[in-house]
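Welcome! Here is a short tour for anyone meeting this structure for the first time. Keep the picture at hand as you read, and look up each residue as it comes along.

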Amino acid sequence: MHVLVLSTGNPLLENALLTAGHTVSVLQPEGTAAVPGTARHTIAHWDDLDALTALEHSLPDVDAIATIDEQAIVAAAHLRQLRALPGLTVDAARAYTDKATMKTALAAAGLPVARHRVVHHADEVGAAAGDFGWPVLVKPRAGLATLNTFVVRSPEHLKELVGAGAFDTRTTDPTGRLAAGHVLDSLHEAPHGFLVEQFLDVEAEFFCDLYVHRGTVLLAVPGRYDAPLLQSVGDASFDTVLPPEHPEAQDVTALATRAAAALGAQSGVVHCEILRDRTKGVFVGEAAARPGGGSITELASVMYAFDLPASLAALATDEVPDLDGTPRFPALTAVMIPAPEGTVTHVADRDTVEALPGVLDTDIRLIVGQPAPAGIGTMTRAGRVLYVPDNLKTLDQEVAHLRAVLDIRVEPHTAA
């Protein structure tokens with residue numbers, strides 16, 4: 001099969017398809033590196049659908065068009081529509097990537113979501129807050145990793161944020177993979193406005209990745225973050241995959257499955273985030289037509305002993321992946337390695353960390369004498385530790401002990 005992959009620079013899907021014996025062409029942003037063994041085509045911006053339409057005639061004949069990149073979901077659907085190929089439709093792609101469209105569709109399907117309004121300038125935030133009540137949450141219509149997402153607590157706080165440039169500040173991109181979309185735009189630069197949402201006083205945030213073939217869920221991987229994502233931006237965090245029989249896991253899976261059905265699940269992975277507020281109300285936060293970020297996909301593949309790249313390649317070519325659904329562990333945690341800004345002066349070696357009970361694997365990307373790699377939003381680039389908890393009730397203490405053994409020391413950068 002010949003597959004066109006839309007990619008921002010992570011070649012996971014491309015390499016998996018090549019390994020499975022498929023012919024692969026790649027459409028990627030200008031300036032990104034070619035993937036060996038593939039035919040390369042380039043675009044300037046994912047959201048320029050007119051340019052994609054003009055480019056379409058020069059692309060090869062293919063049997064499928066696929067992506068696992070958030071920024072390219074709509075572009076892939078647009079090309080599928082031009083070629084009359086099966087897969088996620090343009091309407092469904094927009095529902096998964098435009099948070100305003102998404103929440104409207106979820107609410108219409110009877111799913112609980114925060115109330116929202118689209119605005120185009122900070123001057124309009126106060127009127128929305130007059131309807132929802134202060135505080136409110138401000139976020140881009142399309143985005144990831146909580147970039148440009150923040151709470152506005154009062155009219156006075158709004159004025160402070162405007163004065164500090166919060167609505168006009170572009171996000172920096174240490175990954176080099178985000179320049180061909182609107183992810184880095186400031187809120188005021190957003191061509192179709194941004195969202196003001198009802199503030200939910202979230203006490204717990206969960207995730208669920210659904211592996212879906214032609215609308216049927218083959219495997220659900222529910223879990224929870226150690227803290228709501230907005231509270232963990234730039235901080236040390238950890239994510240835990242829960243056993244399927246766990247009461248929270250069952251509730252999260254049920255809500256995520258309903259959300260995917262409402263937005264239009266076909267073949268691929270759907271990532272959902274579920275929120276529980278302090279009144280014990282449960283809400284769908286967001287959903288995406290791609291695998292979860294960070295270590296979530298790795299947690300899934302280790303917990304359920306499946307080949308992640310092969311499974312993604314199978315779903316991209318409309319095949320049923322080999323997914324057993326039997327968990328290997330009572331629970332599994334990815335402990336993100338914190339990366340404070342500065343030069344690394346000490347970090348434990350891999351053997352020391354992997355000698356700890358429960359540690360399965362470590363990926364430490366800190367090098368003594370080198371600057372700690374910068375993260376972006378909720379994403380760390382300093383590595384992670386895969387860990388089997390002894391007891392979910394004592395997981396916070398277990399992670400604290402693990403971090404103490406890592407013994408990361410950083411010399412802060414001094415101003416020139």
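## Helices side by side

Helix α5 (residues 99-108) packs against helix α8 (residues 247-263) at an angle of about 110°, and their axes are 9 Å apart. Because an angle of 65 to 115 degrees counts as roughly perpendicular, α5 is described as roughly perpendicular to α8. Please keep in mind that this is a predicted model.

**More on how helices pack**

- Two packed helices are described by the angle between their axes and the distance between the axes.
- On the α5 side of the contact with α8 you will find Met102, Ala105 and Leu106, and these meet Ala259, Ala262 and Leu263 of α8.
- Sorted by class, the contact of α5 with α8 has six nonpolar residues, with no polar and no charged ones.
- Another pair to look for is α3 and helix α4 (residues 90-97), which pack at an angle of about 175° with axes 8 Å apart.
- Since angles over 145 degrees count as roughly antiparallel, α3 is roughly antiparallel to α4.
- From α3, the residues making this contact are Ile73, Val74, Ala77, His78 and Gln81, while α4 brings Val90, Ala93, Arg94 and Thr97.
- The contact of α3 with α4 is a mixture by class: five residues are nonpolar, three are polar and one is charged.

**Salt bridges**

- Across the whole structure, a search finds 22 salt bridges.
- One of them joins Glu56 to Arg83, with the closest N and O atoms 2.3 Å apart.
- This pair links distant parts of the chain, as Glu56 belongs to helix α2 (residues 49-56) and Arg83 to helix α3 (residues 73-83), 27 residues apart.
- Are the two partners buried or exposed? Glu56 is buried because its relative accessible area of 18% is under the 20% limit, whereas Arg83, at 21%, counts as partly exposed.
- Arg278 and Asp201 also meet through their side chains in a salt bridge, at 3.2 Å from N to O.
- Arg278 sits in the loop between β12 (268-277) and β13 (282-288), and Asp201 in the loop between β8 (194-198) and β9 (202-213), so this bridge ties together parts that are 77 residues apart in sequence.
- Both residues of this bridge are partly exposed: Arg278 has a relative accessibility of 48%, and Asp201 has one of 39%.
- A further salt bridge runs between Asp363 and Arg365, whose closest N and O atoms are 2.8 Å apart.
- Asp363 is partly exposed at 23% relative accessible area, and Arg365 is partly exposed at 47%.
- Elsewhere, salt bridges that share partners bring Lys99, Lys103, Lys139, Glu197 and Glu286 into one network.

**A closer look at Lys99**

- Lys99, a member of that network, is found in helix α5.
- Its relative accessible area is 6%, so Lys99 counts as buried.
- Beyond residues up to four places away in sequence, Lys99 touches Lys139, Pro140, Arg141, Ala142, Gly143, Leu195 and Glu286.

**Nonpolar cores**

- The largest nonpolar core holds 47 residues, and Leu6 and Leu27 touch the most other members.
- Which residues does Leu6 contact, leaving aside neighbours within four places in sequence? They are Leu27, Trp46, Ile65, Ala66, Thr67, Asp69, Ala72, Ala75, Ala76 and Leu79.
- Apart from this core lies another, of 37 residues, which includes Ile68, Val269, Ala300 and Leu323.

**A mostly covered helix**

- Ala300, listed in that second core, is also one of the buried residues of α9.
- Helix α9 (residues 296-303) is mostly covered, with seven of its eight residues buried.
- The buried residues are Ile296, Thr297, Leu299, Ala300, Ser301, Val302 and Met303.
- After α9 comes Ala305, which has a positive phi, near 50°.

**A proline in a loop**

- Pro135 is located in the loop between α6 (125-132) and β6 (136-140).
- Not counting residues up to four places away in sequence, Pro135 touches Val151, Val152, Arg153 and Phe199.
- Val221 is 86 residues from Pro135 in sequence, and the two are 33 Å apart in space, C-alpha to C-alpha.

Definitions and conventions. Residues are numbered from 1 along each chain as its sequence is written. This is a predicted model: local features need pLDDT of at least 70, side-chain atom pairs count only at pLDDT 80 or more; totals for chains, interfaces and linings use all residues. Side-chain values use heavy atoms; hydrogens and water are left out. A salt bridge is a side-chain nitrogen of Lys or Arg within 4 Å of a carboxyl oxygen of Asp or Glu. Helices (H or I, at least four residues) and strands (E, at least two) are DSSP runs, numbered from the N terminus. Buried means under 20% relative accessible area, exposed over 50%, partly exposed in between (1.4 Å probe, protein chains only). A nonpolar core is a set of buried Ala, Val, Leu, Ile, Met, Phe, Trp, Tyr and Cys residues joined through side-chain atoms within 4.5 Å. Contact means heavy atoms within 4.5 Å. Axes are lines fitted to C-alpha atoms, for helices over the stretch in contact, and angles run from 0 to 180 degrees between N-to-C directions. Angles under 35 degrees count as roughly parallel, over 145 as roughly antiparallel, 65 to 115 as roughly perpendicular and the rest as oblique. Ala, Val, Leu, Ile, Met, Phe, Trp, Tyr, Cys and Pro count as nonpolar, Asp, Glu, Lys and Arg as charged, and the others, Gly among them, as polar.
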